[in-house]
Amino acid sequence: MPSSTGTNSDVDDYFRDLANWQDELAALRKILLDTELTEDFKWRAPCYTHQGKNIVILAELKDCCTLGFFKGALLGDPLGILEKSGENTRSARVIRFTDTTEIERLKPTLKSYLTEAIEVEKSGRKVEAIDHAALEFPLELQEQFEKNPELKTAFTALTPGRQRGYVLHFSSAKQSKTRTTRIERYTERILDGKGLNDCTCGLSKKMPGCDGSHKQIR
């Protein structure tokens, strides 16, 4: 809930409970509060929005803290400090920090990036969608389709994003045997119309994604 000072009470609680990177995240928060962004609390982290649209989010990690731009792929990044948060990340980009001195040095740059991120959101620009039809299915998956036409039908019925998730997961295995094992492991999930990270127990509070609630029944 926002306060008269522009801060959010949930974010205040978040900072009181921080175990690591308190000074660094506080320095980043100070910079963010000095912009036209609105402080919110989403996904258990401080999130900063503009007219209801997500612009950036703070995160406490084990080895660093990050300032994450939801549409960072569309920013100019003249200093080359934006990184993908994961190998297959399309839109989001993060800047990693481990000390306040670095944050202070980059303060003008961060403000410039934030201004650009707001303008990108105002413009309505989006990261170009990936052509899922161009996905290259691993040979092992094609072989399973031939053996089990029902599997092929179920896989084709999945959303493009779910198909991509499976293809990337299967293809990342270096050995053919491992790729086949992965495909066999997820066959029932595919036949049930579920994605790689979808909830299958029905307990998740973040449907359709899995939030780990299945561990309660173990």
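**Close-up views of a predicted model**

**View 1. The two cysteines that stay unpaired.** A search through the whole structure turns up zero disulfides. This is a predicted model, and this view looks at C64 and C65 in it. C64 takes part in no disulfide, and the nearest cysteine sulfur to its own, that of C65, sits 6.6 Å away. Seen from the other side, C65 is in no disulfide either, with the sulfur of C64 as its nearest at 6.6 Å. A disulfide here would need the two sulfur atoms within 2.5 Å. Buried or exposed, what is C64? C64 is buried, at a relative accessible area of 4%. C65 is buried too, with a value of 0%.

**View 2. The whole chain, for orientation.** Eight helices and five strands make up the secondary structure of the protein chain. Going along the sequence, the order is α-α-β-β-β-β-β-α-α-α-α-α-α. The chain has 218 residues, and 38% of them count as buried. Take the contacts with a separation of 6 or more: residues 24 or more positions apart account for 53% of them.

**View 3. The largest nonpolar core.** This core has 31 residues, and the ones with the most contacts inside it are L25, L28, V56, L67, F69, F97 and L110. Which elements give two or more residues to this core? They are α1 (9-16), α2 (22-33), β3, β4, β5 and α4 (107-123). Of these, α4 gives the most, with six residues. For a closer look, pick L110: leaving out residues up to four places away in sequence, L110 touches L28, I31, L67, I95, F97 and I103. Another core lies apart from this one; that core has 14 residues, including L135, L151, L158 and F170. As a rule, nonpolar side chains in soluble globular proteins tend to be buried together.

**View 4. V11 and its surroundings.** V11 is part of helix α1. With a relative accessibility of 0%, V11 counts as buried. What does V11 touch, not counting residues up to four places away in sequence? The answer is R29, E39, D40, F41, P46 and Y48. K42 also belongs in this view: V11 and K42 are 31 residues apart in sequence, but their C-alpha atoms are 9.5 Å apart in space.

**View 5. The largest pocket.** About 320 Å³ of space lies in this pocket. Its lining counts 18 residues, and I57, A59, T66, G68 and V94 are the ones that lie nearest the centre. Three strands each supply at least two lining residues: β3 (53-60), β4 (65-69) and β5 (93-97). The largest share, four residues, comes from β3. Sorted by character, the lining of the largest pocket comes out as eleven nonpolar, three polar and four charged residues.

**View 6. The one cavity.** The count of cavities of 30 Å³ or more comes to one. The largest cavity has a volume of about 40 Å³. Which residues line it? N54, I55, F70, K71, L75, A117 and E121 do. The elements giving two or more residues to this lining are β3 and α4. By character, the cavity lining splits into four nonpolar, one polar and two charged residues.

**View 7. Q144, a buried glutamine.** Q144 is found in helix α5, which covers residues 139-147. Its relative accessible area is 13%, so Q144 is buried, the cut-off being under 20%. Neighbours within four places in sequence set aside, Q144 is in contact with L151, T180, I183 and E184. L151 has a second role, as one of the residues of the 14-residue core.

**View 8. Two positive phi angles.** Most residues other than glycine have a negative phi. W21 is not a glycine, yet it has a positive phi of about 60°. Its place is in the loop between α1 and α2. R44, again not a glycine, also has a positive phi of about 60°. R44 sits in the loop between β1 (38-42) and β2 (45-50). As for accessibility, W21 counts as buried at 18%, whereas R44 is exposed, with a relative accessible area of 69%.

Definitions and conventions:
Residues numbered from 1 in each chain as written. Predicted model: local features only at pLDDT ≥ 70, side-chain atom pairs only at ≥ 80, totals over all residues. Heavy atoms only, no water. 1 Å grid on protein atoms, 1.4 Å probe; cavity = no way out; pocket = protein on both sides within 12 Å on 5 of 7 lines; lining within 4 Å. Points joined across faces, edges and corners; volume = space filled by probe spheres on them. Nonpolar A, V, L, I, M, F, W, Y, C, P; charged D, E, K, R; others polar. Core = buried A, V, L, I, M, F, W, Y, C linked by side-chain atoms within 4.5 Å. Buried < 20%, exposed > 50% of the residue type's maximum accessible area, 1.4 Å probe, protein only. Contact = heavy atoms within 4.5 Å.
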